[in-house]
Amino acid sequence: MSEPEAAGAKPAPSNFVMRLLAALVLAPLAIAVAYAGGWLWALLVTLASIGLFAEWLMVVGAGTTALTGAGTLVIAMMGLCVAAGALKTAIIVGCVGGAGVTLIARGKFIWAATGFAYASAALLASILVRKDLVHGFAALMFVLLVVWATDIGGYFAGRSIGGPKLWPRVSPKKTWAGAVGGFVASLAVASGFAAFGIGKAVPLLAVSAVLSVVSQAGDLFESAVKRRFGVKDSSHLIPGHGGLLDRLDGFVAAILVAWIIGFLRHGVHSAGSGLMVW
């Protein structure tokens, strides 16, 4: 190995260690708050959604104080309403407030509106899935673990196997091997849930397959937006991971699709059951 190659290899373990340490802190915290549910989970999700919107604005070059402040206020009000069970009010607040946010953005109104819709969808879906009193926690953990398994499986498969790139123009580091590795890892999560009697194997395998693909698509979508504006990381909030947008892109896509599946099967307030009970 040449000296440049050796020098170039050093940052990888360091970055991996930072990613691992951050995960060891954040994952148990997320699980604990998800288990508690209620207002505590709603608060965490609301803060995360505000962070997603703020980072989105910075990525697209629209992060003015007025726009960020207005979006923060609207998203906070939406979180309060949906946590209190006033979903219709939350939607009205989101529509009216979102229109106001879009007007403030002026020349960046399309990007601002997209970012607001992105953060709002993450907010509503994350809280509504957990609000299912019977299977809310199981459904939320299923989505989280599928997303995490997809990410971890993709990371190790991509690094160990390598091979052709998935979409080099958008995300130069992602490979087809990583995509397949993440997909297979997500199926292991479904198998584990079924083995413990939390849902039936075949439906859970199908749902995990869909959520894994959607999660990876969400990751690519965020990468495409950053590539469009020449940004590497949405922020440096999380060591080794970048920002909230970098860390939650796959989860946002997966939880939204998970809620849609649950909603279509069991309705607005029993989306968790709709996702897990077949």
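## Aromatic pairs

Phe 53 and Phe 116 are both buried in this predicted model. Searching the whole structure turns up 10 aromatic pairs. Phe 53 and Phe 116 make an edge-to-face pair, because their ring centres sit 6.0 Å apart and their planes meet at 85°. Phe 53 belongs to helix H3 (residues 38-59) and Phe 116 to helix H6 (residues 109-131), so this pair ties together parts that are 63 residues apart in sequence.

Next up are Tyr 118 and Phe 221, a tilted pair with 6.2 Å from centre to centre and 35° between the planes. Here the link runs from helix H6, home of Tyr 118, to helix H9, home of Phe 221, and the two are 103 residues apart. Tyr 118 counts as buried at 13% relative accessibility, whereas Phe 221 is partly exposed at 38%. Tyr 118 and Phe 221 also join Trp 56, Trp 111 and Phe 229 in one aromatic cluster.

## A buried lysine

Helix H9 (residues 201-228) also holds Lys 226. This lysine is buried, with just 10% relative accessible area. Its side chain makes a polar contact with the side chain of Asp 246, at 2.7 Å. Setting aside neighbours within four places in sequence, Lys 226 touches several residues, including Val 59, Val 231 and Asp 246.

## A nonpolar patch on the surface

Over on the surface, Val 17, Leu 20, Leu 21 and Leu 24 form a nonpolar patch, with about 370 Å² of accessible area together. Take Leu 20 as one of them: this leucine lies in helix H2 (residues 11-36) and counts as partly exposed, at 40% relative accessibility.

Methods: Residues numbered from 1 in each chain as written. Predicted model: local features only at pLDDT ≥ 70, side-chain atom pairs only at ≥ 80, totals over all residues. Heavy atoms only, no water. Helix = DSSP H or I, 4+ residues; strand = E, 2+ residues; numbered from the N terminus. Buried < 20%, exposed > 50% of the residue type's maximum accessible area, 1.4 Å probe, protein only. Polar contact = N/O pair within 3.5 Å; in protein donor to acceptor, adjacent residues only side chain to side chain. Contact = heavy atoms within 4.5 Å. Patch = residues over 30% accessible without salt bridge, like charges linked within 9 Å, V, L, I, M, F, W, Y side chains within 5 Å. Areas by Shrake-Rupley, 256 points an atom, 1.4 Å probe, with all protein chains shown as cover. Salt bridge = Lys/Arg side-chain N within 4 Å of Asp/Glu carboxyl O. Phe/Tyr/Trp six-rings, centres within 6.5 Å; stacked < 30°, edge-to-face > 60°.
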